[in-house]
Every structure is written in C-alpha cells, then in structure tokens.
Amino acid sequence: MRPHPRIVGFLGRALSHEFLAVQQYLVQSRLCALWGWKDWAESFAQESREELTHAGLLSDQLLRYGIAPSAGTLRPSRPGRDLREMLEQDREIEWSAVELYAEAQLACERLRDESSAALFAMLLEDERGHLTHLDELLVGLGG
Ligand SMILES: [Fe+2]
Ligand SMILES: [Fe+2]
C-alpha cells in the first residue's frame, strides 16, 4: 500500500522525536553516572532504550512503505542542571510526543491507514505512561 504523504510526514516527525528522546535520556544517564548517581543513571538508560525501541518500530513501518528512515537534524539535548530540571525537561518532551501521536493517530484513522493508526495508538499509550511516571517522580521530589 502506498501511504498518504501526511502519514509519511507524521512517521518522519515521530522518528525524529524518538531519536530526540533517546539522546535526551542517554545524556541524562551519562550525566548522572558522572555525578555518581548510579540508580538514576540506570533509570535514564532504561528510558533511552525504550525510546530506541519506539524509533525501531517507526523505522519498521517506514521500511514497510519502502521509505528509508531518517531522523533529520536533532535539536540539542537539554539535560538540566539538577534532577528536578532534568525531569521537567523530559516532561516537556513526553508531552509533545503525546500531542504529536494523538494528532497522528487521528489523521491515520481518517485516512484509513489502520496499521499506522495502531502504531501511533500504541506509542501514545507508552508516552502517556512515561508522562505519568515523570509526574510521580516529580511529586516524589517534593515542593
Ligand atoms: Fe517514545
Ligand atoms: Fe517517552
């Protein structure tokens, strides 16, 4: 099936977004490791791996359509200067993922591309989970 150009556009934007998240969490993980915060380093590394899995799923979908996946130019990472700032920066990234994937899912449904709609629905659920997780961590920090 030849995908609608709007869907190809959403898949490309989503892929860039996932690589941005991979980079963000990876940098935070390395920073925490440098500061000697082993548990946080592992926690951010785990997030980075999850986002990489998402990037893989989006790449699969583009490849199915005969399109070579390309993330384009990534915005610089914003790791934050302390834990609260880190989590707040991540929250911003997860929130924009939720907005993007909700819009993408709707567009795919309207254009009757069921497999892309299902992929965006799955990603949307995961990113909402990430957002909830970050909210819990921020509440745990207090203030
Ligand atoms: Fe993701
Ligand atoms: Fe995420």
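This section describes the two iron sites, the residues around them and the largest cavity of a predicted model.

The first metal site is that of the iron ion (ligand 1). Its donors are Glu18, which supplies OE twice, Glu51 (OE), His54 (ND1) and Glu127 (OE), and the distances run from 2.0 to 2.5 Å. Along the chain, the donor residues of the iron ion (ligand 1) follow the spacing E-x32-E-x2-H-x72-E. Distant parts of the chain are thereby linked: Glu18 belongs to helix α1 (residues 5-34) and Glu51 to helix α2, with their positions 33 residues apart in sequence. Glu18 has a relative accessibility of 0% and therefore counts as buried. Glu51 likewise counts as buried, because its relative accessibility is 1%.

The second metal site is that of the iron ion (ligand 2). Here the coordinating atoms come from Glu51 (OE), Glu94 (OE, listed twice), Glu127 (OE) and His130 (ND1), at 2.0 to 2.4 Å. The donor spacing of the iron ion (ligand 2) in sequence is E-x42-E-x32-E-x2-H. In this site, Glu51 of helix α2 and His130 of helix α4 are 79 residues apart, and the pair again links distant parts of the chain. Both Glu51 and His130 are buried. The two metals are separated by 3.7 Å, and Glu51 coordinates the iron ion (ligand 1) as well as the iron ion (ligand 2). Glu127 also appears among the donors of the iron ion (ligand 1) and among those of the iron ion (ligand 2).

The two histidine donors were examined in their surroundings. His54 is placed in helix α2. With a relative accessibility of 2%, His54 falls under the 20% limit and so counts as buried. Beyond its neighbours within four places in sequence, His54 is in contact with Glu18, Met122, Leu123, Asp126, Glu127 and His130. Among these partners, Glu18 also makes a side-chain polar contact of 3.4 Å with His54. Glu18 and Glu127 recur as donors of the iron ion (ligand 1), the ion that His54 coordinates through ND1.

His130 is found in helix α4. Its relative accessible area is 6%, and His130 is therefore buried. When residues up to four places away in sequence are set aside, His130 touches Glu47, Glu50, Glu51, His54 and Glu94. The side chains of His130 and Glu51 are joined by a polar contact of 3.2 Å. Glu51 and Glu94 are, in addition, donors of the iron ion (ligand 2), to which His130 contributes ND1. By contrast with these contacts, the C-alpha atoms of His130 and Val27 are separated by 17 Å, the two residues being 103 positions apart along the chain.

The model holds 1 cavity of 30 Å³ or more. The space in the largest cavity amounts to about 60 Å³. Its lining consists of Tyr25, Trp40, Ser43, Phe44, Glu47, Leu87, His130, His133, Leu134 and Leu137. Two elements, α2 (38-64) and α4 (114-141), give two or more residues each to this lining. By residue class, the lining divides into 6 nonpolar, 3 polar and 1 charged. His130 connects this cavity with the metal sites, as a lining residue and as a donor to the iron ion (ligand 2). Glu47, another lining residue, is among the residues that His130 touches.

Leu137, also part of the lining, lies in helix α4. Its relative accessible area of 23% lies between the limits of 20% and 50%, so Leu137 is partly exposed. Leaving aside residues up to four places away in sequence, Leu137 touches Trp40 and Leu87, and both of these residues line the cavity as well. Between the C-alpha atoms of Leu137 and Arg84 the distance is 9.0 Å, with 53 residues separating the two in sequence.

A backbone feature was noted in the loop between α3 (83-110) and α4, where Arg112 is placed. Most residues other than glycine have a negative phi. Arg112, although not a glycine, has a positive phi of about 60°. Arg112 counts as exposed because its relative accessibility is 70%, over the 50% limit.

Terms used: Residues are numbered from 1 along each chain as its sequence is written. Chains are lettered from A and ligands numbered from 1 in the order in which they are written. This is a predicted model: local features need pLDDT of at least 70, side-chain atom pairs count only at pLDDT 80 or more; totals for chains, interfaces and linings use all residues. Side-chain values use heavy atoms; hydrogens and water are left out. On a 1 Å grid over the protein atoms alone, a cavity is a set of points where a 1.4 Å probe fits but cannot get out, and a pocket is an open set with protein on both sides within 12 Å along at least five of seven lines; lining residues have an atom within 4 Å of a point. Grid points are joined across faces, edges and corners, and a volume is the space filled by probe spheres set on the points. Helices (H or I, at least four residues) and strands (E, at least two) are DSSP runs, numbered from the N terminus. Ala, Val, Leu, Ile, Met, Phe, Trp, Tyr, Cys and Pro count as nonpolar, Asp, Glu, Lys and Arg as charged, and the others, Gly among them, as polar. Donors are N, O and S atoms within 2.8 Å of the metal (3.2 Å for Na, K and Ca); water is not among the atoms, so sites may look incomplete. Buried means under 20% relative accessible area, exposed over 50%, partly exposed in between (1.4 Å probe, protein chains only). Contact means heavy atoms within 4.5 Å. A polar contact is a pair of N or O atoms within 3.5 Å; within protein, one must be able to donate a hydrogen and the other to accept it, and residues adjacent in sequence count only if both atoms are side-chain atoms.
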